[in-house]
Amino acid sequence: MGMNIVIAGAGDMGYHLAEQLSYDNKDITLIDTDREVLEYVASKLDVLTVQGDSTSFEVLQQANVEHANMVLAVTTSEKTNIVTAVLAKQLGAKRVMARVRNHSYLDPENVNYFKNLGIDNLISPTMLCSREIFNMIENSSFTEVFDFGGGKLNIVGITLDQYNPLVNQRIMDTKTNPIFEDIRIIAILRDQKTIIPRGSTIIRNNDHVFFISNKKNTESIMEVLGQKKVIIKNVMIIGGDDMALTTALRLEDHFRVTLVNKDKERCKWLAENLKNTLVINGDYKNIELLVEEGLEQMDAFLALTDSSETNIITSLTAKNHGVYKTIAHVDTREYIHISHSIGVDSLINKKLVAANEISRYLKKGTVEAVSGIYGVDAEFIQYSVCKMNRLIKKPLRELHFPDSAIVAGVIRGEQVFIPDGDFMLQMDDKAIVLALPEAKVSLEKLFH
């Protein structure tokens, strides 16, 4: 018996969720008012579609919500999402989740009001995104940073250039360096393909490499790569909508933040709502203006306007002006895949961030956390070892893990391991596995 999931809203976020979840053989129904959008999705994914307004009883009944394990209301309208979630719960859906914009809804003292209405989770893509941006700036040497077990294990990604000592080495040759006992290369992104490395894999120029390490050895990765850690102090943000505001609020107590926005009235409003941020009214497409406002003294530049193109171009310009870390918010799926190759350090996309967060809730009980990586088909899945089964009787190399998966790290209580083939799992271990989509079914069998 599959899991039935109903998604209201077939925009980018709904589409991305449907795509992620359809890998796991879940039965998915998408509701949207726009027939063309539904036809497009149905041509690409194996989903059922219902055309109509998800706040109507007829439409919800047609989508069979009374038998749904989960209803995800992720349309662009907050009010539609809240009403959809409340009605779906009343009609018998087991769990419901609504995408919201209003941050005060997420205040701990207000979440209970929504629980009383029957809404199990609220999700705000903007809030999740600002959290991720903060993480990226804190660990600015890397393009991506994921942490597991409350930060006991870190997974970081970085692009290698031809001067890098690792380039043209086989993975097995790197083992001679004692640092590689505490860190390991667990994935390589090359020409938009994800490679799970074996000993014989050769590291190439321009590879985007993912390392895993425990918290204290993240520094050793810098050492291997011959890079200095840069401390970020000054940050410039361009943009002025919800995303720029939320990010400035999260950063302004830790960094010196300058925010540039085109609209005079909006600048007044931003200045009233931000305590420690310098708000400047001006056209951020005009590079001279940004230079006058100190672009060349900035350590980080965040392009959070509503235009993906503007964000990519201004980030590249900031890079040319010597800014160490640039992050561009990019809305279109097409750009995400090319980002690493065009030279923008980090891309962020709030719909993907939110879709990844939601997939975490939906994985089976043994799975505790999932992180997707931009442009990479693989994801990190954290499984708990919770049954006496063959997993704990044999070393990893005899467990017949699929080739398209690798056990990247293991958390055992307060201890952290980066396992090799001889490692044996124990009860209650948390195993962090990097898996390509085709590995998921055999992994669920192994861990279930």
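**Loop residues with positive phi**

I began with N64, which lies in the loop between α3 (57–62) and β4 (70–73). This is a predicted model, and I keep that in mind for every entry here. I looked up the backbone of N64 and found a positive phi of about 65 degrees, although N64 is not a glycine. Is N64 buried, partly exposed or exposed? I noted 36% relative accessibility for N64, so it counts as partly exposed.

I then turned to D428, in the loop between β21 (415–417) and β22 (430–435). Its phi is near 70 degrees, again a positive value in a residue other than glycine. I checked the surface too: D428 has a relative accessible area of 57%, and because exposed means over 50%, D428 is exposed.

**Aromatic pairs**

Next I went through the rings and counted 6 aromatic pairs in the structure. One of them joins Y383 and F447, whose ring centres are 4.3 Å apart. How are the two rings arranged, stacked or edge-to-face? Their planes meet at 5 degrees, so I wrote the pair down as stacked. I also looked up where the partners sit: Y383 is in strand β19 (residues 379–384) and F447 is in helix α15 (residues 440–447). The pair links distant parts of the chain, with these positions 64 residues apart.

I checked accessibility for both partners. Y383 has a relative accessible area of 1% and is buried. F447, at 3% relative accessibility, counts as buried as well.

F447 has another partner on my list, F401. That pair is edge-to-face, with 6.3 Å from centre to centre and 65 degrees between the planes. F401 lies in the loop between β19 and β20 (405–412), while F447 is in helix α15, so this pair ties together parts that are 46 residues apart in sequence. F401 is buried, like F447. I closed this entry by putting the rings together: Y383, F401 and F447 form one aromatic cluster.

I also looked for a charge over a ring and found K319 with Y324. The charged end of K319 sits over the ring of Y324, at 6.0 Å from its centre.

**Strand β15 and its partners**

Then I looked at strand β15 (residues 300–303), which is covered on both faces. A300 and L302 are buried on one side, and F301 and A303 are buried on the other.

Which strands pair with β15? I found strand β12 (residues 234–238), which pairs with β15 in the parallel sense over 4 bridges. Within that pairing, V235 has A300 as its bridge partner in β15. I also found strand β16 (residues 325–329), which pairs with β15 in the parallel sense over 4 bridges. Here L302 has I327 as its bridge partner in β16.

**Largest pocket**

My last look-up was the largest pocket, with a volume of about 700 Å³. Which residues are closest to its centre? Of the 26 lining residues, I noted R184, I406, P419, D420 and G421 as the closest. I then asked which elements contribute: α7 (171–174), β9 (183–190) and β20 each supply at least two residues of the lining. I finished with the classes, and the lining has 14 nonpolar, 5 polar and 7 charged residues.

Note on methods. Residues numbered from 1 in each chain as written. Predicted model: local features only at pLDDT ≥ 70, side-chain atom pairs only at ≥ 80, totals over all residues. Heavy atoms only, no water. Phe/Tyr/Trp six-rings, centres within 6.5 Å; stacked < 30°, edge-to-face > 60°. Buried < 20%, exposed > 50% of the residue type's maximum accessible area, 1.4 Å probe, protein only. Lys NZ or Arg CZ within 6 Å of the ring centre and 35° of its normal. 1 Å grid on protein atoms, 1.4 Å probe; cavity = no way out; pocket = protein on both sides within 12 Å on 5 of 7 lines; lining within 4 Å. Points joined across faces, edges and corners; volume = space filled by probe spheres on them. Nonpolar A, V, L, I, M, F, W, Y, C, P; charged D, E, K, R; others polar. Pairing = 2+ DSSP bridges.
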